[in-house]
Amino acid sequence: MLAPPTSADAALPEVLKESGQREVFCGLTSIVWLHRRMPDAFFLVVGSRTCAHLIQSAAGVMIFAEPRFGTAILGERDLAGLADANDELDRLVRELLERRPEIRTLFLVGSCPSEVIKLDLQRAAERLSAQLAGRVRVLNYSGSGIETTFTQGEDHALMAMLPLMPSSDEDQLLIVGTLADAVEDRFRLLFERMGVPRVRSLPPRRSTELPPVGPGTRLLLAQPFLSGTARALVHRGAQLIESPYPFGVEGSRLWMAAAAAAFGLAPAAVAAVLDPLETRGRRALEPHRRELEGRRLFLLPDSQMEIPLARFLARECGMELVEVGTPYLDRQLMAAEMALLPPGTRLSEGQDVERQLERVRAERPDLVVCGLGLANPLEAEGIATKWSIELVFSPIHGCDQAGDLAELFARPLHRRQRLSFV
Amino acid sequence: MELTLWTYEGPPHVGAMRIASSMEGVHYVLHAPQGDTYADLLFTMIERRNRRPPVTYTTFQARDLGGDTAELVKRTITQAVERFQPEALLVGESCTAELIQDQPGALAQGMDLGGVPIVSLELPAYSKKENWGAAESFYQLVRGLLKDQIPPPGSPKPSPQRWRQEGRRARVNLLGPSLLGFRCRDDVLEISRLLASHGIEVSVVAPLGARPADLMRLPAADANVCLYPEVAGTVCSWLERSFGMATVKTVPIGIGATTDFLREITELLGVDVPAAAEDKSRLPWYSRSVDSTYLTGKRVFIFADATHALAAARIASKELGFEVVGLGTYSREQAREVRAAAKELGLEALISDDYLAVEKAMAEAAPELVLGTQMERHSAKRLGIPCAVISSPLHVQDVPARYSPQMGWEGANVIFDSWVHPLMMGLEEHLIGMFRHDFEFVDGHRSHLGDGAPERSLTGNEPQPTLAMANAAAAPSPSEAQVGTVATIPAPEPAPSAAAWSGETLWSSDGEAELAKIPFFVRGKVKRNTETFARERQLAVISAETLYDAKAHFSR
């Protein structure tokens with residue numbers, strides 16, 4: 001079980017809780033990065049034309065010959081009879097797998113309409129798994145907007161893989177959360193250098209090569225939005241390493257050091273690996289810090305990465321936090337981060353987009369981190385923005401990426417300085 | 001249940017959003033779960049709009065479903081009306097809300113909203129799509145605002161020529177232009193200018209830029225111009241039925257269609273018929289000029305919404321001298337017209353919203369140019385075929401900064417440039433033919449073709465010839481003919497006898513050597529034609545002689 005809330009919670013700022021119109025993606029969006037992580041997996045959304053259109057629009061470009069995700073669009077006939085809908089789904093999966101013989105894991109992804117009509121995708125997955133035994137594993141999870149917000153889709157997808165993870169007492173470091181392959185390789189190398197016995201990842205690069213889990217597993221979250229997965233892994237015996245998340249030099253160092261400490265590694269050996277990284281990372285940050293220092297930042301709720309990013313931008317880049325919004329606040333997984341936020345930081349959970357935009361206009365921040373629907377309208381009002389979706393698609397984790405991460409925020413400001421029409 | 005990877009059209013409520021976002025003073029309350037707000041980015045990112053679409057979502061969640069979602073709808077409506085003070089309110093639901101049956105439209109009708117006109121939109125999300133949703137929403141909005149003005153049955157139809165008696169200029173409404181439509185912004189300007197040059201005023205443009213009050217003035221015009229039938233078809237026929245307003249149906253894209261459009265509208269309104277159109281656009285002369293000779297018989301594959309597919313087929317076949325080898329649309333509502341146009345061209349129309357089926361048809365038709373949507377642009381890129389985008393669905397690059405209409409005389413200029421530029425220039429093609437033995441033209445030097453044709457399409461793995469191709473093979477393009485006039489080296493090897501044929505046809509070494517001398521950009525076609533020729537004659541081996549025999553055969 002996770003540790004009970006610490007007394008540090010009491011000192012945390014009051015959180016502004018809002019309910020109203022949310023301007024966020026649903027969990028289906030996470031398919032866009034999950035399918036790239038696991039090239040032998042296919043994500044089949046069982047939903048409506050809206051679902052298909054959402055993923056297509058969120059992916060932004062239509063570049064794939066035949067992407068490894070698709071939508072089984074429910075028609076009126078499927079709504080009329082659920083028995084037929086199950087037959088239809090079986091037929092469609094058969095056809096799909098005939099065309100894509102390289103697929104090893106098929107995710108049936110629930111959507112708002114499939115949840116509302118109570119189409120039992122779990123039973124469908126079991127049925128199809130039995131039919132396709134030995135060839136393709138069929139899993140299911142919900143990415144619906146009525147249950148998940150944006151990055152929570154990954155949390156649900158990982159939870160669906162969990163029952164297939166073998167049990168093992170072996171000592172290992174399990175990094176949980178999708179990382180860019182290059183970033184992951186880098187972390188593995190660093191952990192090896194420090195002397196961590198074995199490093200594994202969830203999700204794995206091949207969907208069939210799931211890591212084991214058990215009492216020897218130390219669980220290190222690479223992403224802050226994996227509440228359900230973390231709890232389920234702890235339930236399987238893993239020990240959660242509590243730490244800030246690996247954004248920025250400070251966060252990445254604390255994150256790696258926490259993992260090293262969990263294995264009782266000699267601090268000197270750890271420092272020998274991390275010290276040069278820190279020096280180099282700070283050097284890379286310096287030019288961006290000059291650009292960002294003293295600038296006022298407003299983060300709208302979107303990816304649940306807002307609090308760690310705010311911590312990085314405040315502490316390492318010198319930005320002033322006007323408001324830090326998050327769609328959902330897991331106080332336990334966020335405890336180490338919140339403890340590092342400047343005192344008095346205004347946190348908001350949930351959203352009432354109109355009221356939040358009123359606060360944005362009243363505060364006139366120098367930079368707003370927001371979704372694609374709001375960016376151009378705010379720019380037109382003279383407020384610089386950074387698209388939050390880029391943060392889930394770009395390699396931003398680790399000391400070596402800290403400079404790039406800062407640059408993502410400095411660029412809109414820098415661009416405004418360059419442009420002149422007089 | 002239907003498997004979809006990429007879709008041409010969004011759900012019908014996105015069509016409703018297009019109407020609301022195109023207009024001023026209209027607000028749309030949409031009962032929809034969180035996540036559906038993604039649709040905002042279609043307007044703010046693809047159309048680069050500087051304001052949010054006028055849409056308020058209820059963004060209900062699972063925990064709301066246990067409670068009173070109807071109350072959430074009412075609260076959202078009250079707040080939206082208070083905050084945005086719309087001149088007309090659209091109320092509807094997306095696919096998920098349709099299932100929970102809160103009937104937001106009926107709820108709104110029962111509320112006291114200070115007299116704001118309320119239009120309830122019922123758009124069946126599980127059977128209809130975006131364009132239908134746009135047409136239906138536009139129609140419901142117009143009907144809702146005009147229903148009290150409908151003259152009693154049996155009233156005389158207003159004459160489209162009554163402007164003479166009323167001592168004013170003739171005036172028309174331009175109906176259908178909307179956001180996320182293809183080049184609507186510039187088409188409206190071009191057609192307004194065109195009509196002005198013939199003394200015809202534009203009364204109301206809608207939905208793009210119109211307010212609800214403008215829609216109330218629709219019946220004051222002498223006729224409606226149905227610029228985009230996908231969006232305005234339903235409204236135009238309703239205005240015709242209810243107000244006796246005539247509809248101008250010709251869509252003025254291309255020289256011939258613009259001429260027909262002017263003839264139709266001037267005859268209807270009794271305005272002086274315009275003089276010959278030739279000198280109003282550069283397209284006719286550019287198309288006649290010698291450089292364009294190389295365009296003759298270029299094989300084009302067309303797939304778009306119905307309006308743009310039909311226009312493209314006419315321009316391609318008549319005004320540019322292309323050979324249309326494929327024609328289709330994803331607009332099922334207008335499938336009949338596209339089928340008829342395809343039949344006239346000796347083709348069978350492809351009516352599909354499965355982009356993979358379209359890509360397959362494209363590969364089979366072996367075109368030299370693709371005119372399509374963003375989806376076809378990507379398929380064409382994979383197949384190494386140049387492509388021009390002629391229709392929605394859009395990408396941000398299809399909303400250009402410069403003035404670039406598709407309609408009217410300037411539209412024809414824009415079309416000439418944007419369809420011809422992806423192709424190699426005519427003079428260039430002649431020169432490459434003449435100098436093809438020079439080292440600059442060996443394989444791999446393909447700077448003029450952009451991303452270039454993939455090698456595999458030249459050396460094997462060819463799409464099977466289809467009926468359309470076999471027909472077209474009888475009319476070779478000049479580039480093919482020209483290969484023969486320059487290449488003159490016959491091989492000494494005697495042609496193998498037909499008796500040896502085992503169902504397989506192989507290239508002899510001299511045949512391959514001769515094939516290699518043919519410029520890469522026509523080699524695929526020559527190879528295919530020669531193989532077809534050899535198969536038909538059951539030849540086991542294709543020698544250089546066979547290649548020339550085939551060339552002679554196909555050049556008849």
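**Exercise 1. A sheet in chain B**

Which residue in strand 5 of chain B does B:Val91 stand opposite? Then place the two strands in their sheet and find what packs on the sheet.

*Solution.* The model is predicted.

Step 1. B:Val91 stands opposite B:Ser120.

Step 2. Look at the strands around this pair. Strand 4 (residues 88-93) and strand 5 of chain B run parallel and are joined by three bridges.

Step 3. Widen the view. In chain B, four strands in the order 3-2-4-5 make an open sheet with parallel pairing. Strand 3 (55-57) and strand 5 (118-120) of chain B are the edges; each has a single partner strand, so one side of each lacks a neighbour in the sheet. From one strand to the next, the twist averages 20°.

Step 4. Add the helices. Helix 1 (residues 12-22) of chain B packs on the sheet and touches strand 2 (26-31), strand 3 and strand 4 of chain B. Its direction makes about 160° with that of strand 2 of chain B. Helix 7 (residues 130-146) of chain B also packs on the sheet, touching strand 4 and strand 5 of chain B. The direction of helix 7 makes about 140° with that of strand 4 of chain B.

**Exercise 2. Two helices that cross**

Describe how helix 8 (residues 184-197) and helix 17 (residues 408-420) of chain B meet.

*Solution.* Step 1. Take distance and angle. The two axes come within 7 Å and cross at roughly 135°.

Step 2. Classify. An angle over 145 degrees would count as roughly antiparallel. At roughly 135°, helix 8 of chain B is therefore oblique to helix 17 of chain B.

Step 3. List the residues. From helix 8 of chain B come B:Asp187, B:Glu190, B:Ile191 and B:Leu194; they meet B:Gly408, B:Glu410 and B:Gly411 of helix 17 of chain B.

Step 4. Sort by class. The contact holds two nonpolar, two polar and three charged residues.

**Exercise 3. Where the chains touch**

Describe the side of chain B that touches chain A.

*Solution.* Step 1. Count. Chain B brings 48 residues into contact with 50 residues of chain A.

Step 2. Find the sources. Elements that each supply at least two residues include strand 1 (2-4), helix 3 (62-66) and helix 16 (374-383) of chain B. Helix 2 of chain B gives the largest share, five residues.

Step 3. Sort by class. This side of chain B has 22 nonpolar, 16 polar and 10 charged residues.

Step 4. Check for strand pairing. Strand 3 (residues 69-73) of chain A pairs with strand 1 of chain B in the antiparallel sense, over three bridges. Here A:Thr71 stands opposite B:Thr4.

Methods
Residues numbered from 1 in each chain as written. Chains lettered and ligands numbered in written order. Predicted model: local features only at pLDDT ≥ 70, side-chain atom pairs only at ≥ 80, totals over all residues. Pairing = 2+ DSSP bridges. Axes fitted to C-alpha atoms, helices over the stretch in contact; angles between N-to-C directions. Contact = placed C-beta atoms within 7 Å. Parallel < 35°, antiparallel > 145°, perpendicular 65-115°, else oblique. Nonpolar A, V, L, I, M, F, W, Y, C, P; charged D, E, K, R; others polar.
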